[in-house]
Amino acid sequence: MKFNDEFDKKYGYNGNLGIIYSKDNCKFILWAPTAKEVQLVLYGNNGYEYNCKPTDIYTMNKGVKGTWEIELSGNFNGYYYNYLVNVNGEINEVVDPYAKAVGVNGNRGMIIDLSITNPNGWENDIKPKLKSATDSIIYEAHIRDLSIDESSGIKDEYKGKFKALTILDSCIPGTNVKTVVNHIKDMGFTHIHLLPAFDYGSVDETKLDQPQFNWGYDPKNYNVPEGSYSTDPYKPETRIREMKQMIQVLHKNGIRVIMDVVYNHTYVTDGSNFNLTVPGYYYRHNPDGTYSDASYCGNETASEREMVRRYIVQSALYWVKEYHIDGFRFDLMGIHDLETMNMLRDSLNRIDPSIFVYGEGWTAGPSPYPQELRAMKTNAPQMPGIAVFNDDVRDAVKGSFKKDENRGFATGKSGLEESVKFGIVAATQHPQIDYSQINYSTSPYALYPSQSINYVSSHDDLCLVDKLIVSLPENTSESDLLRYDKLAQTIIFTSQGIPFMFNGEEVFRSKKLVHNSFESPDSINQINWANKSIYYDLFDYYKKLIALRKKHSAFRMVTTTDIQSNLHFEEHLPENVIAYRLNGKAAGDIWSEIFVAFNGNNSLQEISIPDGNWTIVCLDGKIDEAGISSISGNKINLPRSSAVILKR
Ligand code: CA
C-alpha cells in the first residue's frame with residue numbers, strides 16, 4: 001500500500017475516533033482503511049486480568065473513509081476492550097490508539113465515564129495568571145525523582161507518584177526545610193515541566209514493589225496517564241483522577257503544568273498500536289522500505305500524513321481539555337513537520353493563547369523528510385508562538401555537551417562572548433551581536449524573546465554540577481564549583497527569553513557523572529533533599545535570582561524591538577567579560593537603570609561603568625534585591641568568575 005497524498009485524500013477522516021460514550025450507549029470508531037475486517041472484543045469489567053477470556057466479540061461495520069464502527073446499547077463504563085484488526089493476512093489485537101483509559105501496563109483499553117474521574121471542584125479549576133510568555137520560569141522535573149528519596153518527607157504510599165505533588169507541607173523529616181511542591185512554590189517557579197507522564201512502556205506496572213526507573217520517553221498509550229505514577233495501576237480511573245488532582249493542586253498554588261510529549265516515535269515499532277492497526281502508515285521510511293530513525297529509538301512518526309497530524313493535534317487538545325494542561329514540551333520536535341506544529345498552535349490559540357509550546361529544535365538522527373519542512377531550531381521564524389531550546393547559550397555558558405572536558409564562558413573558556421550575548425537577547429536580532437561568531441547558529445532564530453528557552457542543563461547529558469566537576473581541574477574546591485554554578489545560572493535567569501532549570505540544580509544535584517540516566521536507578525536520579533540543608537546558600541541564591549527576575553520587567557521584555565532599544569552591550573571590555581545596560585525606565589521597570597556584568601575569568605577584572613551613584617544588588621555570589629551596598633564613580637571591580645548587578 002502506498003501512503004501518499006492520494007491515500008490521504010481518499011481516507012483522511014475528520015470525524016470523531018475512539019469511543020463516544022454515554023450512559024445509555026457506546027459508539028466505537030476505529031480508523032483502519034487497509035484492514036479487511038475489524039472486530040471489537042469486550043472483556044467485561046474485570047478485564048485487567050491478563051488471561052481472562054473475551055466476554056463478547058462484535059464484527060464492526062465499514063464506515064466512511066476507512067473507518068470501522070459499531071454502536072452498542074447499555075452502560076459500558078468500566079468494561080475493557082480491544083480491537084482485532086485483520087490486515088495483511090494477519091489478525092492483530094490492538095489497544096485503541098485513541099483509548100482514554102487503559103488497564104495495567106496499558107495492554108487493554110477501558111471504556112470510561114470520565115466525569116467520575118474529576119476531583120471535587122475540578123469544574124472551578126483555572127490556570128494561574130500569566131501576563132506574558134516571558135514571565136514564565138520553568139522547572140523541569142521527573143515525577144519519581146522529586147519524592148522517591150526518604151529526604152522528601154513524603155509518606156511512603158505517595159513517594160514517586162502524582163499524589164506526592166498534591167502535598168503542600170512536605171519538609172525534610174525532622175526539619176522545616178521545604179521539599180517537593182512546598183519547595184517549588186517557595187522558589188517562585190511559574191511552570192513545572194513534567195517528564196513524560198503519559199503511559200509509557202519501560203516500567204512494569206505489575207512490579208511496582210521493585211524499584212524501577214525510566215525517564216519515560218517510550219510512548220505506549222498517548223492519551224492515558226502513566227500507571228506507575230498512580231497509587232493503583234490496576235484501576236484505570238485512579239491514574240486519571242490522581243493526575244487531575246495533582247494539576248488542580250499545582251494550579252491552586254500558582255504553578256502551571258507542562259507535559260513533555262513524545263509524538264516523534266513509539267516504544268515498539270512493528271508491534272505498536274499504530275502499526276498493528278494500519279501497518280506502515282504512521283511512520284516514515286527510507287527509500288529501501290526500512291523504517292527511518294531520526295529519533296534513534298527505532299522509528300520516527302510521519303507527522304506530515306493527515307491522520308498522524310490529526311492524531312498529534314487531537315491528542316494534545318485532549319490533554320488541554322480533559323486535564324487542563326497548560327503547555328507542551330515537544331521531544332525531538334525537529335522530527336515533526338512545521339505544518340503540524342503550526343496547526344497545533346492555531347488550535348491552542350482558539351482555546352487559550354497562553355498555553356505554551358516549545359521543543360527540541362533538532363533530531364537525534366537523519367530524517368528522510370526535508371529539513372526545511374521540519375520544526376528545526378533554525379526554522380523557528382516559520383512557527384510563531386512556538387519556542388525552541390537555545391543550545392547555543394547552553395553550551396556557551398557551561399561547555400559542549402559532547403566533550404566532558406570542554407569548558408564554557410562561566411568556566412573560563414575564551415571566545416564565547418557572542419554566543420552568551422546571543423542568549424542574553426534570547427536568540428533575537430540585536431545590532432551589537434556578531435552572528436558569525438555564534439557556536440552553532442549563524443542567525444537569530446527567535447522572532448521575539450518568548451521563542452527562546454534559555455538553560456544550562458536539562459535531564460539530558462551531564463547536569464550542571466557534574467559538568468563543572470568533569471571540566472574543571474580535579475583539585476577545584478567545592479566553594480569554587482559553587483561560584484561557577486552561580487555565575488552560570490545568573491546568566492540564564494537575567495537573560496531575556498524564558499529561563500528553564502533542571503530540577504535539583506538549586507540543591508547542587510549530582511547524577512554521579514552519568515550522562516544518559518534514562519534507566520539509571522533512583523540512587524542516580526532521585527533528588528536528595530538533604531542537600532538543601534547543606535547547600536542552603538545556593539538554594540537561597542537561586543530563589544533570590546527568581547525573585548529579582550519576577551520583580552523586574554526589564555529582564556522579561558516582550559518584544560524584540562524593546563530589547564533592541566533598551567538593552568545595550570558595553571564595548572571595549574577585557575576578554576571573557578560581558579556587560580550590558582538595561583534601560584529600566586523604558587522597559588517599564590521600577591528601576592530606571594540596571595547594569596549587569598559577567599566575569600568569566602578566574603581573576604579580578606576592572607571595568608568602566610556609567611558615571612554616578614549605583615546600588616549593588618549582586619556581587620561575588622551574594623544577591624539582595626534591596627541592595628548590598630552602594631558605589632559611586634565610573635569603575636567597578638568584578639570579582640573572579642562571578643556576576644555583578646547594579647541598579648539606580
Ligand atoms: Ca506504563
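The exercises below work through a predicted model, each with a solution in steps.

The model is predicted, so that local features are taken only at pLDDT of at least 70 and side-chain atom pairs only at pLDDT 80 or more, while totals for chains, interfaces and linings use all residues. Residues are numbered from 1 along each chain as its sequence is written, and side-chain values use heavy atoms, with hydrogens and water left out.

**Exercise 1. The calcium ion**

Task: Find which residues coordinate the calcium ion, and state how the donors are spaced along the chain.

Solution: Begin with the definition, by which donors are N, O and S atoms within 2.8 Å of the metal (3.2 Å for Na, K and Ca); water is not among the atoms, so sites may look incomplete. Next, list the contacts: the calcium ion is coordinated by Asp199 through OD, Tyr200 through O, Glu205 through OE and Glu226 through OE, at 2.2 to 2.3 Å. Then read the donors along the chain, where they follow the spacing D-Y-x4-E-x20-E. Finally, consider accessibility, for which buried means under 20% relative accessible area, exposed over 50%, and partly exposed in between (1.4 Å probe, protein chains only); aspartate 199 and tyrosine 200 are both buried.

**Exercise 2. An aromatic pair and two charges over rings**

Task: Work out why the rings of phenylalanine 3 and tyrosine 281 count as they do, and where the two residues lie in the chain.

Solution: Rings of Phe, Tyr and Trp (its six-membered ring) pair if their centres lie within 6.5 Å, and planes under 30 degrees apart count as stacked, over 60 as edge-to-face and the rest as tilted. A search of the whole structure on these terms finds 40 aromatic pairs. In one of them, the ring centres of phenylalanine 3 and tyrosine 281 are 5.3 Å apart and the planes stand at 90°, so the pair is edge-to-face. To place the partners, note that helices (H or I, at least four residues) and strands (E, at least two) are DSSP runs, numbered from the N terminus. Phenylalanine 3 is in the segment before helix H1 (5-11), whereas tyrosine 281 is in the loop between helix H5 (273-277) and helix H6 (306-323), so that the pair links distant parts of the chain, 278 residues apart. Phenylalanine 3 has a relative accessible area of 18% and is therefore buried, and tyrosine 281, at 0%, counts as buried too.

As a further step, look for charges over rings, which requires NZ of Lys or CZ of Arg within 6 Å of the ring centre and within 35 degrees of the ring normal. Arginine 108 lies over the face of tyrosine 43, at 3.7 Å from the ring centre, and arginine 648 lies over the face of tryptophan 614, at 3.9 Å from the ring centre.

**Exercise 3. The second largest pocket**

Task: Describe the space in the second largest pocket, its lining and the classes of the lining residues.

Solution: About 520 Å³ of space lies in this second largest pocket. Its lining has 24 residues, and those nearest its centre are Asn16, Leu17, Tyr98, Lys100 and Tyr318. Strand S1 (18-21) and H6 each give at least two residues to this lining, and H6 supplies the largest share, seven residues. Sorted by class, the lining of the second largest pocket has 14 nonpolar, seven polar and three charged residues, where Ala, Val, Leu, Ile, Met, Phe, Trp, Tyr, Cys and Pro count as nonpolar, Asp, Glu, Lys and Arg as charged, and the others, Gly among them, as polar.

The term itself rests on a 1 Å grid over the protein atoms alone, where a pocket is an open set of points at which a 1.4 Å probe fits, with protein on both sides within 12 Å along at least five of seven lines, and lining residues have an atom within 4 Å of a point. Grid points are joined across faces, edges and corners, and a volume is the space filled by probe spheres set on the points.

**Exercise 4. Two positive phi values**

Task: Decide whether leucine 513 and asparagine 576 are buried or partly exposed, and place each in the chain.

Solution: Leucine 513 has a phi near 65°, a positive value in a residue other than glycine. Leucine 513 lies in the loop between strand S19 (498-502) and helix H12 (522-525), and its relative accessible area of 41% makes it partly exposed. Asparagine 576 also has a positive phi, near 65°, and is a residue other than glycine. Its place is the loop between strand S20 (567-569) and strand S21 (577-583), where asparagine 576, at 3% relative accessibility, counts as buried.
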